[in-house]
Amino acid sequence: MIKVICNATPLINFASINRLDILKSLFTEIVIPQAVYSETVESGFPNSETIVNGIEAAWVQVKSVQEMPESIPLELDAGEREVIALALSEQTTRVVLDEKRARKVAQS
């Protein structure tokens, strides 16, 4: 089972070209934090229904962050912070982040 925690921009980009199936083919479970759900689905961007379909089909899961470690810089956006926090709490080593600074924080 290959699980990944995903940030908003990769989801938006794949959904925009109707190719969220690419992520589905690479990972058996895609988790998005509540902040990413808000940024993607609740913002109502075009093709957000693709993400909703993934959630309804249960291969995309929305999870809430229970604890935000102080080690995650406030300079990152809410979605990036929650992706890293979920990865730490669930001991998941795979995350999908598009911003270089967020990737550096996640690696450390």
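This passage describes a pocket, a helix and a buried acidic residue in a predicted model.

The largest pocket has a volume of about 210 Å³. Its lining is made up of Ser-71, Ile-72, Ile-84, Ala-87, Leu-88, Thr-92, Thr-93, Val-95, Val-105, Ala-106 and Ser-108. Two elements each give two or more residues to this lining: helix 5 (78–90) and helix 6 (100–107). Helix 5 gives the most, with 3 residues. By residue type, the lining of the largest pocket holds 7 nonpolar and 4 polar residues. No charged residue is found in the lining.

Helix 5 is also the place of Glu-80. Glu-80 is buried, yet no salt bridge is found for this residue. The nearest side chain of opposite charge belongs to Arg-101, 7.5 Å away. A salt bridge needs a side-chain nitrogen within 4 Å of a carboxyl oxygen, so Arg-101 does not form one with Glu-80. Which residues, then, are in contact with Glu-80, leaving aside its neighbours within four places in sequence? They are Asn-7, Leu-97, Glu-99 and Ala-102.

Helix 3 spans residues 34–42. Within helix 3, Ala-35, Val-36, Thr-40 and Val-41 are buried. These buried residues pack against two strands, strand 1 (3–6) and strand 2 (29–33). They also pack against helix 1 (8–16), helix 4 (48–56) and helix 5. Helix 5 thus appears both in the packing of helix 3 and in the lining of the largest pocket. Just after helix 3 comes Gly-44, with a positive phi of about 75°.

Terms used:
Residues numbered from 1 in each chain as written. Predicted model: local features only at pLDDT ≥ 70, side-chain atom pairs only at ≥ 80, totals over all residues. Heavy atoms only, no water. 1 Å grid on protein atoms, 1.4 Å probe; cavity = no way out; pocket = protein on both sides within 12 Å on 5 of 7 lines; lining within 4 Å. Points joined across faces, edges and corners; volume = space filled by probe spheres on them. Helix = DSSP H or I, 4+ residues; strand = E, 2+ residues; numbered from the N terminus. Nonpolar A, V, L, I, M, F, W, Y, C, P; charged D, E, K, R; others polar. Buried < 20%, exposed > 50% of the residue type's maximum accessible area, 1.4 Å probe, protein only. Contact = heavy atoms within 4.5 Å. Lys, Arg positive; Asp, Glu negative; His and termini not counted.
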